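Work through the exercises below with the model open. Each task is followed by a solution in steps.

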Amino acid sequence: MKGKMKAMVFYEKLNMKYEEIDIPQVGPDEVLVKVKACGICGSDIAYYWGMSPLETADGKGPLVLGHELSGEIVELGDLPKSLGLFKVGDRVAVDPLQYCNACEACKKGQVNLCEEKIVTGVSVNGGFAEYVKSKYTTLFKLPENVTYEQAAFCEPLGDAIYAVQKLEVTLGDFCVVIGPGPIGLAQAQLIKSSGAGTLVVIGTRDYRLDVAKNNGADHVYNIKDSASKYYTSDITKKISDLTGGKMADRVLVATGNPESMKIPFDISGRRSIIVFFGLPGENDVVEVPALQSIFWDKTIKFSWLAPLTWPKAINAISTKLIDVESLVTHKFKLEELVSALEKVKNRVGNPMKALVIP
Ligand SMILES: [Zn+2]
Ligand SMILES: [Zn+2]
């Protein structure tokens, strides 16, 4: 499609402009999508404040950010057209991880580790614009009962699901989620519906713990704010009391806070599984009490992105396994993106997930 579109172009730290740029031209294996909703992610905040480089060739802008998006197909490249898999007007969620399907990792199904990946909104222009282009192979059609705003949550939800799969919850398990951000809270819902016996959510902000309580957590604890009604100064003792000394069967660490990343070793029990999901800083190190972990036969795992979990994410929304509405708290116009990023960063209005609606 020829013509111009509105977009928020990120140039460098604290420099993003609302501009008119060319509508992306689709290649043979690509599709043009009119963006209907695009979530603001913690990594967008990291890019805007210069805390993290982009995945462009030189790590810098100019680039349109935004990788949690949904929209309507407006143009098809030759390949998806001839295959008949999509048509103009289809409602889709866009997986930003455009894996190549041809490298060694992809051929083993490890698409999150694709060596030739293109990432919408991170290495190529993304969803904080009127239009975005993507390979047809990483688009997912939406069921009628899934809205564009819900579908913008597919990317974080796909990540959430992959980590919860790795947690291998079995019926009746005593489960703990540390870090009630939007993804941690989605994970709490998934864990509860996977058959957890007791679910504990540990955090540092009451407004998020309140959401956790309303979404199936049996107990919530605030480990930082001594004025909180959920405050505890000794989370290990709390978990010990709740489990009769057996400690937790499953612990999901959905925060990258180095202090919180020490907690799982103290609160996990025999044959427990710990999954690290939240992103720490580049130089952060987690110390593992090795002997105790061996004696108790613990399993420690790490989880990265959302390999092949998108159909499950769409299903989880469509079947109401996940209540996305409780997690999406704010909506902004495209031209308000900078102030939206500031509000999310400074937690103005107790944000969970914020969406941009172009
Ligand atoms: Zn993200
Ligand atoms: Zn690949």
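**Exercise 1. Find the contacts of F128, leaving aside its neighbours within four places in sequence.**

Solution. This is a predicted model. Take two residues as in contact if their C-beta atoms, placed from the backbone, lie within 7 Å. Low in the numbering, F128 meets A7, M8 and C38. Next come V64, L65 and G66. The list for F128 ends with L334, L337 and V356.

**Exercise 2. Place F128 in the largest nonpolar core, and locate that core relative to the domains.**

Solution. Step one: size the core. The largest nonpolar core has 109 residues. Step two: pick out the residues with the most contacts inside it. They are F128, V176, I191, V201 and V253. Step three: ask which element gives the largest share. Helix α5 (residues 154-167) does, with eight residues. Step four: compare with the domains. Domain 1 (4-153 + 327-357) and domain 2 (160-302) both contribute residues, so the core lies between them. As background, nonpolar side chains in soluble globular proteins tend to be buried together.

**Exercise 3. Describe how domain 1 and domain 2 meet.**

Solution. Start with the division: domain 1 covers 4-153 + 327-357, and domain 2 covers 160-302. Their centres, taken over C-alpha atoms, are 30 Å apart. Now count contacts. Four residues of domain 1 touch five residues of domain 2. On the domain 1 side, two of these residues are nonpolar, one is polar and one is charged.

**Exercise 4. Work out the strand order in the sheet that holds β1, and find its edges.**

Solution. Three strands make an open sheet, ordered β2-β1-β4, with antiparallel pairing. The edge strands are β2 (15-22) and β4 (63-64); each has a single partner strand, so one side of each lacks a neighbour in the sheet. Look next at the β1 and β2 pair. Strand β1 (residues 4-12) runs antiparallel to β2, and eight bridges join them. For the register, set A7 opposite E19 in β2. A7 also appears among the contacts of F128.

**Exercise 5. What does the radius of gyration say about the overall shape?**

Solution. Begin with the expected value. For 358 residues, a compact globule would have a radius of gyration near 21 Å. The protein has 21 Å, which agrees. Then check the extents: along the principal axes, the C-alpha atoms fill a box of roughly 65 × 40 × 40 Å. Turn to packing. Buried residues make up 47% of the 358 residues. Of the contacts with a separation of 6 or more, 68% join residues 24 or more positions apart. Finish with the secondary structure: 12 helices and 18 strands.

Definitions and conventions:
Residues numbered from 1 in each chain as written. Chains lettered and ligands numbered in written order. Predicted model: local features only at pLDDT ≥ 70, side-chain atom pairs only at ≥ 80, totals over all residues. Helix = DSSP H or I, 4+ residues; strand = E, 2+ residues; numbered from the N terminus. Rg over C-alpha atoms; globule rule 2.2 N^0.38 Å. Buried ≥ 20, exposed ≤ 12 C-beta atoms within 10 Å, placed from the backbone. Pairing = 2+ DSSP bridges. Domains from an automatic or database assignment. Nonpolar A, V, L, I, M, F, W, Y, C, P; charged D, E, K, R; others polar. Core = buried A, V, L, I, M, F, W, Y, C linked by C-beta atoms within 7 Å.
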